[in-house]
Structure formats: structure tokens, C-alpha cells
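Student: Please take me through one part of this model at close range. I would like the contacts first, then the surroundings.

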Amino acid sequence: QQSIEYWGMYGNKQFYEKNVWSAKQDKRKLAEDLKKENFDLKKDKLFVKMYRNHLSKSMTGSGAFGLGNMLYELADYHEKECLSIGVVRRFYNDGEAVKDLSQATDGFNKKFKELVQLGKKEEWILIDLRPFVKEFYFGNYIITDGLYRMFTRYDMLVIPKLDSKATANY
């Protein structure tokens, strides 16, 4: 039934409604799982791995307050810390060619371009965005919409090195 409801909204171009509904479902499912496991938010630790849009610490790119926002609010309420890490790649293999997303012109990559260009083919890059927030909010800086979104949604950004095919380790 939930799948029919979800794809019905998608088919009827009710994208905002679908995104808000989906975010509510994610939060409800997590709450059920935490309750089922007797998870104690005051002492237990939680690690959630999902697509970065769902775990942003504020409004998601699709206009909903998602799971990441809920986790931030719960952590704050229980006087705990929460860390949101977004992963955005720069290089990827497309058959035999290596593609560079910093050269892409679509809207998604334009938003990430300023930080994604720091990615390297042979190294993982970790950017801690937290020290910049105070400076950019209260300093005399004008930042792009893409940087603003990164600072408000994530604490850190990981740019993986170029993926390679899996090799047998035996």
C-alpha cells in the first residue's frame, strides 16, 4: 500500500508531497526500530548510513525536514552530539573513460562544484565544514548558494578517490 501511495504521488507529479511523505516514513520507521531495540538515546550510540539527502541536518534538497534533521534534534534534546557527513564523488569510471563531475553542467553538480573540485583521483578527501560556519554566517563574506547549502546541511564532506573495479584478494 505504501509503495502504491508513494509512486502514485510521483506519477501525479506531487513531488513535494511525495518527499514530505517519504521523510515522515523514514522517521517513523527509525522511531519504531529504536523502540523495538530498546535504544537509549541518552547513552547508546547510533550510526546511520543513507543517501546524503536523507541525512542532511536541516531541510533536504527536496524540501522536507528528513531523518538527519530528526537525529540532530534528538541529539540536541538529549544533550548529545550528531555528525552529518555527506559523500560526493568527483571522478568515476564510465567504461574505459574517467569522467570528472567538476566539469558537469547539470544543476546538481553546479551546487557542489566549489568543493568537489578539491577531489583527487588517488586520494580520499575529507573537508570539515564546521569551522567555516561561524565565519560565513557572521563574517563579512558573500557565499554562493552551493556553499551555503553544504554548510547548512553537513558537518563534513567526503570526496572519494576514483573507484576501481574490485579485485580478488586471494
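Tutor: Start with Y72. Leaving aside neighbours within four places in sequence, Y72 is in contact with K57, C82, L83, S84 and D155. The model is predicted, so these contacts are computed from predicted coordinates. Y72 sits in helix α3. Its relative accessibility is 18%, so Y72 counts as buried, the cut-off being under 20%. L55 is 17 residues away from Y72 in sequence, and the two C-alpha atoms are 9.5 Å apart.

Two of those partners lead on to the largest pocket. L83 and S84, both in contact with Y72, are among the lining residues nearest the centre of that pocket. The others named there are F47, V48 and L55. The pocket holds about 960 Å³ of space. Its lining counts 37 residues. Three elements give two or more residues to this lining: α3 (67-77), β1 (85-87) and α4 (107-116). Helix α3, the one that carries Y72, gives the most, with five residues. By class, the lining has 23 nonpolar, ten charged and four polar residues.

S84 also leads to R153. Not counting residues up to four places away in sequence, R153 touches S84, along with S56, K57, S58, M59, T60 and G61. K57 is in that list, and K57 is also a contact of Y72. R153 belongs to helix α6. At 14% relative accessibility, R153 is buried, because the limit is under 20%. A longer span can be read from R153 to L41: they are 112 residues apart along the chain, and their C-alpha atoms are separated by 22 Å.

Now the loops on either side of α3. N38 lies in the loop between α2 (15-36) and α3. E79 lies in the loop between α3 and β1. Phi of N38 is near 55 degrees, a positive value in a residue that is not glycine. E79 has a positive phi of about 55 degrees, and E79 is not a glycine either. N38 has a relative accessible area of 66%, so it is exposed, the cut-off being over 50%. E79 is exposed too, with 74%.

Next, the nonpolar cores. The largest has 13 residues. V88, F112, L115, I127, L129, M150 and L157 touch the most other members. At least two residues of this core come from each of α4, β4 (125-128), α6 (145-153) and β5 (156-159). Helix α6, home of R153, is thus one of the suppliers. Take V88 as an example. Leaving out residues up to four places away in sequence, V88 touches R52, F112, V116, L157, V158, I159 and P160. F112 and L157 in that list are themselves among the residues that touch the most other core members. A second, separate core has six residues, including L34, L55, L67 and L71. L55 is also one of the residues nearest the centre of the largest pocket.

Last, confidence. The protein chain averages a pLDDT of 88, and 96% of the residues score at least 70. Among the elements, β4 has the highest mean pLDDT, 96, and α4 the lowest, 76. Helix α4 gives two or more residues to the pocket lining and at least two to the largest core. Where pLDDT is low, predicted coordinates should not be read in detail.

Conventions: Residues numbered from 1 in each chain as written. Predicted model: local features only at pLDDT ≥ 70, side-chain atom pairs only at ≥ 80, totals over all residues. Heavy atoms only, no water. 1 Å grid on protein atoms, 1.4 Å probe; cavity = no way out; pocket = protein on both sides within 12 Å on 5 of 7 lines; lining within 4 Å. Points joined across faces, edges and corners; volume = space filled by probe spheres on them. Helix = DSSP H or I, 4+ residues; strand = E, 2+ residues; numbered from the N terminus. Nonpolar A, V, L, I, M, F, W, Y, C, P; charged D, E, K, R; others polar. Core = buried A, V, L, I, M, F, W, Y, C linked by side-chain atoms within 4.5 Å. Buried < 20%, exposed > 50% of the residue type's maximum accessible area, 1.4 Å probe, protein only. Contact = heavy atoms within 4.5 Å. pLDDT = per-residue confidence, 0-100.
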